[in-house]
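Hi everyone, thanks for coming along. Please have a look at the picture that comes up next, and then I'll walk you through it.

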There are 2 protein chains.
Amino acid sequence: MMSIFQNAAAQPVNHEQTALAPKIAEPASALCEHATPVRARRRQRLVLEHPPSETVYIVRSGLLGIEALPAGKHRQLLELFYPGDIIRRSQVPNLPGASLTALTLSEVWRLPAHSFEALLAASPEQNAQAQRRVAEQHARATLHASIVGTLNGDERFASLLVELGLRLGSIGPAGITVDVPLSRTDIADYLALNPDTLSRITSRFKARGLLTQFGGGHTLIPAWEALCASTPVAATLQTLHAPPAATA
Amino acid sequence: MMSIFQNAAAQPVNHEQTALAPKIAEPASALCEHATPVRARRRQRLVLEHPPSETVYIVRSGLLGIEALPAGKHRQLLELFYPGDIIRRSQVPNLPGASLTALTLSEVWRLPAHSFEALLAASPEQNAQAQRRVAEQHARATLHASIVGTLNGDERFASLLVELGLRLGSIGPAGITVDVPLSRTDIADYLALNPDTLSRITSRFKARGLLTQFGGGHTLIPAWEALCASTPVAATLQTLHAPPAATA
DNA sequence: AAATGCTTTTGACCAGAATCAAGGATGCGA
DNA sequence: TCGCATCCTTGATTCTGGTCAAAAGCATTT
């Protein structure tokens, strides 16, 4: 309880910093010379079904996700990627309809895997940094498996709100404001819930005062502490999604 | 050249090939000189709550998993690790009770992350191989999120059987034999199912002729094709769990 | 303003899995 | 051999969330 409150207080929700502070990108002069900048509009796919060779993507801005289209079922959003994340083609399981898709207007760097590896080989420090980054992404994927595996609908939704608040939120007078970049169906697909069920959950959250103004992507979280208390993984989300430079 | 990151003891079941040829010890690498060999008995934990520093584990033999103990809920088995897999401490989300646990008698190499990074920096080829390996593990984690997120109990169980068949199975006269190294509760925790529900599922599978002799860890899969048809992710499992060098 | 097409909400109903509880195996030690 | 403990099975019940359908917003078009 206390730690959650501290998390809320220490939360540095600083939009600009989150958006353009991928650690991997700072000494990336060599990287940006070899990478192809790609701008992707919402819903645009980056990983094709049969790519010619292993490719690495580095998120510069925006939000992307891995999606799959199981036969006869709803679309799944399996993972979210934020600026600084590293995605290579083989990280995406070849599920039917699997692709790396932009959820908002995004900028990524694309380069062949062998170029990426050659660049990392030239810089042990960047290499180590990339490894840490990939490990962190792996932890997020495992956490998501834990969330959709055992938590109920309310807890899942609260977990997503905490994640987005930590990543994209900014502190305002009445609480924490988040411009949620996901559509309603995106959220439902990410949480493995039905759109109908998600609607009921948001209604409950509004009734409980955990959420207001959920329209047009504008969301206000009036009671961050209460929201964190609604999910058992708030502390874990904090360690994985709060910017490391929070103390600055 | 055989790499340490490739399956040391993989037993591919490829329909045409009997799998009983464990690879001979691969060429000694600099890794084994700097790593501490660790032997873990079943249920032994390798990642402590507060480790002194970032640590890397490389699975040599056996089977390990990431487990978590959510407050007031059942244990979760979030991920399985096979020989050749690379696990670093930050890959494990700090969920309550999270740890890397041996599911069978296992051998791993343990070394500090900075040693691992230094060794990889000295060998670009091994570095690239490690990156590919980690990406593959990431794909497996994402696939597991997909499985527990949308498949029903029967499909989840079939998916696990396919995975274990590909990893550990051997072709016999009456079908594919698997010595399942997971206990009943392990399986339930991995599939995010209740032990009671799992019991019903196994009964159904036996009645449908998909499974026999499920006792004492000895399992026979008489109809591999029918089993694969019971899960929508059979093809994906094949690509992620069947060794690419299965034709050797 | 009326019409159209879309998403969201809400209600009624249903299915799958969890829970609880009672047997039935199985294994171990005295 | 008999307890004794543990795990597995099976049945009855509950509950969460999915499915289906209708109604309500909402925006754009005519």
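Let's start at the DNA. The surface near DNA strand C gets its greatest contribution from α8(A), which gives six residues. Do keep in mind that this is a predicted model.

So what else is around that strand? DNA strand C is surrounded by 15 residues, and the closest are Arg184(A), Asn152(B), Gly153(B), Asn194(B) and Thr197(B). Notice that both letters, A and B, turn up in that list. The elements giving two or more residues to this surface are α7 (184-190) and α8 of chain A, together with α6 of chain B. By class, the surface near DNA strand C has two nonpolar, nine polar and four charged residues.

Now over to the other strand. Which residues come nearest to DNA strand D? Out of 15 residues around it, they are Asn152(A), Gly153(A), Asn194(A), Thr197(A) and Arg184(B). Here α6(B) gives the most, again with six residues. At least two residues each come from α8 (195-207) of chain A and from α5 (184-191) and α6 (195-207) of chain B. The surface near DNA strand D divides into two nonpolar, nine polar and four charged residues.

Next, how do the two protein chains relate to each other? In general, two copies of a chain are related by a rotation about an axis and a shift along it. In this model, a turn of 180 degrees with a shift of 0.0 Å along the axis lays chain A on chain B, with an RMSD of 0.0 Å. The two copies are therefore related as by a two-fold rotation axis. If you want to find that axis on your screen, look for Ala145(A): in chain A, its C-alpha is the nearest to the axis, 2.1 Å away.

And how many residues does the contact between the chains take from each one? The answer is 44 residues from chain A and 44 residues from chain B. On the chain A side, β3 (64-68), β4 (76-81), α4 (113-122), α5 (124-150) and α10 (234-241) each supply at least two residues. The largest share comes from α5(A), with 20 residues. That side of chain A is made up of 23 nonpolar, 15 polar and six charged residues. Also, 100% of the interface residues of chain A are interface residues in chain B too, so the copies meet through the same surface.

Let's go inside. As a general point, nonpolar side chains in soluble globular proteins tend to be buried together. The largest nonpolar core here has 129 residues, and those touching the most other members are Tyr57(A), Leu191(A) and Leu191(B). Beyond its neighbours within four places in sequence, Tyr57(A) is in contact with Leu46(A), Ile87(A), Leu100(A), Val108(A), Trp109(A) and Arg110(A).

Now for a strand in chain B. Is strand β2 (residues 55-61) of chain B largely enclosed or open? Five of its seven residues are buried, so β2(B) is largely enclosed by the rest of the structure. β2(B) pairs with strand β7 (residues 106-112) of chain B in the antiparallel sense, over six bridges. Within that pairing, Tyr57(B) stands opposite Arg110(B). β2(B) also pairs with strand β5 (residues 86-88) of chain B, again antiparallel, over three bridges. There, Ile58(B) stands opposite Ile86(B).

That's my tour, so over to you for questions!

Note on methods
Residues are numbered from 1 along each chain as its sequence is written. Chains are lettered from A and ligands numbered from 1 in the order in which they are written. This is a predicted model: local features need pLDDT of at least 70, side-chain atom pairs count only at pLDDT 80 or more; totals for chains, interfaces and linings use all residues. A residue is near a molecule or strand if its C-beta atom, placed from the backbone, lies within 6 Å of it. Helices (H or I, at least four residues) and strands (E, at least two) are DSSP runs, numbered from the N terminus. Ala, Val, Leu, Ile, Met, Phe, Trp, Tyr, Cys and Pro count as nonpolar, Asp, Glu, Lys and Arg as charged, and the others, Gly among them, as polar. Copies are superposed by least squares on the C-alpha atoms of residues with pLDDT of at least 70 in both. Two residues are in contact if their C-beta atoms, placed from the backbone, lie within 7 Å. A nonpolar core is a set of buried Ala, Val, Leu, Ile, Met, Phe, Trp, Tyr and Cys residues joined through C-beta atoms within 7 Å. A residue is buried if 20 or more other C-beta atoms lie within 10 Å of its own, exposed if 12 or fewer, and partly exposed in between; C-beta atoms are placed from the backbone. Two strands pair if DSSP finds at least two bridges between them.
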